[in-house]
Amino acid sequence: MSAGRILVVDDDPQIRRTMKATLTARHYEVGDSRNGEEALDRLRSETYDLVLLDMNMPGTGGIETCRLIRSSSDVAIIMLTVNNTEKDKVEALDAGADDYVTKPFSIPELLARIRATLRRLPQVPDEAGLQQLTLEGVEIDLPSRQVTVRGRTARLTAKEFDLLSYFLIRPNKTIAHRELLQAVWGPDYGDELEYLRVFVNRLRKKIEPDPSKPRFLVTDAWAGYRFHLPH
Amino acid sequence: MIASTGSTIRSVSAGSLRQAGYLTLRLLLALSLIAAITFVFFRLIPVNATTVGFFYLVAILVIATVGGLIEATVSSITAMLCFNFFFLPPVGTFTIADPQNWVALFAFLTTALTASQLSDRLKRQRREALDRQHEMERLYALSRAILLTDTTQPTAMQIANQIAKAFECPAVALYDHKTSEVYLADRDAFPNINAINSKLRESAIQSSVLKEGDEILITPIRLGGEPIGSLALTHTFLSDAALQSLLNLVAVGLEKARAQEEVNRAQVARQSEELKSTLLDALAHEFKTPLTSIKAVTTDLLSNPEESLSQEQRGLVAIADEGADRLDRLVTEAIQLARIEGGKFQLNRGVHFPSSLLSAALRQTKSLTDGRDLKVQVEDNLPLVFVDAELIVLMLAHLIDNAVKYSRPGSPILIGARADGKAVTIYVADQGPGISEDEQTRIFDKFYRGRNGQHLKGTGMGLAIAREIMRAHGEEIWVKSSPDQGSEFSFSLPVAPVEVAE
C-alpha cells in the first residue's frame, strides 16, 4: 500500500538516490527528475501527491520550476534549499511552495514535513452545518473543495483551501497565528509567521476583488487574521 | 628640459632686441620720408612754403598713424627744423622771422602728438582685444579638455598638463587639497620646486594669493568659498579675469573628477559585494549537497527501530551523524561570517519587541536548553528596538549555545533584557568556569576557542559573528567574567525612533 507518490527533483544524483531509498522504505512511491524541465514533463504524464523540489538547480531554477508547476497544477510542493534566510523562505513560499526545508535535513524532520504537507484538514461541519457559501461573486463549496470566483474556477492548493475553510467556519472571529499554523500545518508548527503572511496573501490574490485592500481576509495587527463575513 | 627654460629667457631678450631694431628701422624710414619731401620741394619742384608745410603735415600724420609716438615726435621736430631751415625766410638759417612760422611748427607738433596717440591707443586696444580673444580661445580649449579627462591619469595631473598645453607655458603646478598631492605639468619647469610645494599648500590652507620670485603666482582654487587646492603658474601673460575663469574651470574640473570617483568607488564596492555573495552561495551549495546525502543516510539509520542496528553499529552511525552536523555548522558559520564581515552588507532592519527576539532565539535553541535551569528576565515596558531580527536572533542563539556548552549540566542560565539609557541591553549569563582577563579580549577573534572549550564541539566563529553583527548595527557586545564566577555576555540594541515605531 502506497503512502503517496513523491517526485524528487534535484540535480545531484546522490541526493536523488538517497531520497529514493529512504522514502521507498517509508512506503512512498518515488519518481525522480534531474532538472526542472524533466520534472514538468513528468508531471504532465504522471500524477504525484507531492514534489520535493531543489531550489538551486542549473537551467530552470527551483523557484521558476515551482511557478511553472503552479500555473497548471496544485500538487503539494516542498522546496529544498541550502540557505536558511528569511528572504529565501519567503521567495519559495511566494512562488507557490507549501513548505520549505533547509539542507542538510534529518529524515525524521523531512518525513514530518511531508506528512504535514499532505495532511488534510478534517472536515468538521460547524454548528450551522455550513456546506456552501456565496458572497460577492465568490462561491465556495466545502465538500467538493471547489471555489468559483466571479464565474471562474479558482485553483487553490490543498493547504490554501484548508486555511480558507478554517477561516470560513469561524467567521468574524480573530484567529491567532499559532492556532492557524497548528490547525492547518500541524502541531509541530506555531512560529512560522511568514508562512501565514504568504499564504494569506496568496488566498487574497485568488478571492479578493482587490487584494491590496482585503474585504474578507482581514489582518488584525499583532493578533492574527479574521474572516470578515457581512451579515 | 633645463635647456628649454634657458631658451625661454634667451627668446625674451631676443624679443626686446628685435623690437629695438624695428624701432630704428621705422625711425629711419620716417626720417627718409621727411628728407625726401625736403629734397623734392627744395631742389626739384619749387613751390611756396605753405604747400611744403602741408606736405610735411600729411607726412607726419602718416608716420604717426603707421608708427608710434617716438617716430612721430622725432619726425615732427625734424620736419619743423627742415621747414624752418630750407623753406622759411630767411632760408638757410634756423631763425624764425615771421610769427606764422611758429604757428606752423606748433601745428606740426600738435598733429604729430595727437595723431600718434590716437593711433597708438587704437593699436593697443586692438592688441588687447586680440589678447582677450586669444585667452578666451585658450580657456575654451582648456574647458573642453577638462570635460574630456579620462581615467588613465589623476584628473588633477591631466588638468595641469592641459593648462600647460593651452597656455604654452610649462610652469604649471596644481595642488589637490583632498589628496594632498602636487601635480606638475613639467617637473623641471620650476627653478625652486620645494618652495613652490610649500607655498601651494600654504595658499590652499590660508586661501591666500602668494608669489614666488617675480614671475610665479600661486592662487588658491575655491569652490563655494571652500579652498580645494591651489595653482602655481607664470602669471604675466594672463589678465585677472582670465585667471579667475581659469581657476573656476579648474575648480569645476576637480570637483567633477571627485564626484565621478565616488560614483566609481560605490560601483566597484557593489560589484565586489555581488561577486562575494555569488561565490558564497556557490560554496554553500557545493558543501551542503554532499552533506545532505550523508545526513539523510545517518538520520535514516538512526531513526529505524532499535532492533534493526546493533548497539555498536548505532554508536558508529551516531559518530558519522555528529560529524556531519559539525561540518554543517562550520560551513554555515564560515559563510555567515564571510557574508557579514566588514559590515558592508545590507541590514534588513525592522521594529521589534525585545521579548519576541528572546523568545525566537529560545525556540531555536530549545533542543540544547532542554533539561537546563533556564531563567528569563525581561523588564516590563521595554522600548521597541530597530534591528535586523534575523541576525540578532542568530547571535543570541550563538550566545545561548555557548552558555549551555561552557557550563556544567544542570547549572542555571540567565537570559534577560533591560532598558539602558538610549539602548536595550540583552544579556546571557552562565555559571561556568568563567574567562580569565587575558582571554576576554581574544574570545571575539575568529577561530579562537576558550581554554576550557578545547574539547567542545564548536567552530570558534560564534563570537566573531556576534561582534560583526553588532558592528553592523553600530552597537557593541562585551563580556563580564572572572574565573569560577561564570560569564555574562551582553549586547546593546538601538531603540526604534518614535516615528519608525509608529
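What follows is a walk through a two-chain model, with helix H1 of chain A and the contact between the chains at its centre.

This is a predicted model, so local features are given only at pLDDT of at least 70 and side-chain atom pairs only at pLDDT 80 or more, while totals for chains, interfaces and linings use all residues. Residues are numbered from 1 along each chain as its sequence is written, and chains are lettered from A and ligands numbered from 1 in the order in which they are written.

Let's start with the chains themselves. Chain A has eight helices and 12 strands, where helices (H or I, at least four residues) and strands (E, at least two) are DSSP runs, numbered from the N terminus. Of its 231 residues, 35% are buried; that label calls for 20 or more other C-beta atoms within 10 Å of a residue's own, exposed means 12 or fewer, partly exposed is in between, and the C-beta atoms are placed from the backbone. Take the contacts in chain A between residues at least 6 apart in sequence, and 56% of them join residues at least 24 apart. A contact here is a pair of residues whose C-beta atoms, placed from the backbone, lie within 7 Å.

Over in chain B, there are 14 helices and 12 strands. Buried residues come to 30% of its 502, and 64% of the contacts with a separation of 6 or more are between residues 24 or more positions apart.

Now for H1 of chain A, residues 13-25. Its 13 residues should span 18 Å at 1.5 Å a residue (the expected span is 1.5 Å times one less than the number of residues), and the end C-alpha atoms are indeed 18 Å apart. A:Ile15, A:Arg16, A:Thr18, A:Met19, A:Thr22 and A:Leu23 are its buried residues. Looking down the axis, they fall within an arc of 165 degrees, so they line one face of the helix; the arc is that of the directions from the helix axis to the C-beta atoms. The face turned away from that buried side carries the exposed A:Pro13, A:Thr24 and A:Ala25.

What covers the buried residues? From chain A, the cover includes strands S1 (4-9), S2 (28-33) and S3 (50-54) and helix H5 (107-118), and from chain B, helix H7 (240-303). After H1 comes A:His27, with a positive phi near 70 degrees.

That brings us to the interface, where 18 residues of chain A are in contact with 18 residues of chain B. H1 and H5 of chain A each supply at least two residues on the chain A side, and H1 gives the most, with five.
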